[in-house]
Amino acid sequence: MHPMIAPSILSADFARLADEAAAVGPRGDEPGADWLHVDVMDAHFVPNLTLGLPVVQSLGAATGIPLDCHLMIEDPDRWAPGYAEAGARNVTVHVEAARDPVMLAKNLRAAGSLAGLSIKPGTPLEPYVEVLRHYDTLLVMSVEPGFGGQSFIPEVLEKVRAARRLVDTGHLRLLVEIDGGINADTIEQAAEAGVDCFVAGSAVYGADDPGRAVAALRDSVRR
Ligand code: DX5
Ligand code: ZN
């Protein structure tokens, strides 16, 4: 499968979001970013505050890159479908925060997006396998959610391998995404474990040329 790269705008300049999105868009023969990863934090589920629905609506109107909204918020059952209605391609909620993740997945799909479920580094995969039948993407966190620029936690790759097996044997149909500490040094081990979509914040927006960084990450895992 074509490896997907989703730059995280958490490491971009928030005063220039449209330009920062354009910096990872298609350029010549390079397809650019597959998705643009948008970290929504509410200062309750995680100890940090970023942006919300109005910014997602404006950013969606300003870029042709599909938005991948990662909601690190409490009460996603109430708030997440609004991001789907705003036009996000994929809306990911945390299983640790969702009250009724099966109903939430249905509501997200009905509102027009893919449904994503995320698990923190310390959250096991196994109890949620049945719930994941209702989801389109699984976001395995490889750092504690809340901040960009942290170090990759390699132990989470065991969960990626388990998810990959469930997909390859036909038990689940979803895209496996990883988020946190992905860079030139860590992306290959994540790819070997079976990741389909790689989120990268500081490795893309900390580079002199974010567009080139996206292409380089993709080239390093192309199979
Ligand atoms: C962290 C966010 C990540 C973050 C990743 O809570 O979910 O998406 O932007 O940043 P890096 O790639 O710098 O670890
Ligand atoms: Zn994220």
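**Core.** I began with the largest nonpolar core of this predicted model, which has 71 residues, and I looked up which of them touch the most other members: they are V160, A190 and F198. For F198 I then listed the contacts, leaving aside neighbours within four places in sequence, and found P3, M4, I5, A6, I178, I182, I187, A190 and L217.

**Helix α6.** Since V160 is one of the buried residues of α6, together with L157, K159 and A163, I turned to that helix next. These buried residues cover an arc of only 150° around the axis, which puts them on the same side of α6. What do they pack against? I found that the buried residues of α6 pack against β6 (137–141), β7 (175–179) and α7 (187–193). On the face turned away from the buried side, I noted the exposed residues R165 and D168.

I also checked the length of α6, whose 12 residues (157–168) should span 16 Å at 1.5 Å a residue; the end C-alpha atoms are 16 Å apart, so the two values agree. After the helix comes G170, for which I read a positive phi, near 85°.

**Ligand 1.** My last entry concerns the surroundings of ligand 1, where I counted 22 residues, with S8, L10, G148, G201 and S202 coming nearest. Sorted by class, this shell has 12 polar, 8 nonpolar and 2 charged residues. Which elements each supply at least two residues of the shell? I noted β2 (36–41), β8 (197–200) and α8 (202–205).

Key:
Residues numbered from 1 in each chain as written. Chains lettered and ligands numbered in written order. Predicted model: local features only at pLDDT ≥ 70, side-chain atom pairs only at ≥ 80, totals over all residues. Near = placed C-beta within 6 Å. Helix = DSSP H or I, 4+ residues; strand = E, 2+ residues; numbered from the N terminus. Nonpolar A, V, L, I, M, F, W, Y, C, P; charged D, E, K, R; others polar. Expected span 1.5 Å × (residues − 1). Buried ≥ 20, exposed ≤ 12 C-beta atoms within 10 Å, placed from the backbone. Arc of directions from axis to C-beta. Contact = placed C-beta atoms within 7 Å. Core = buried A, V, L, I, M, F, W, Y, C linked by C-beta atoms within 7 Å.
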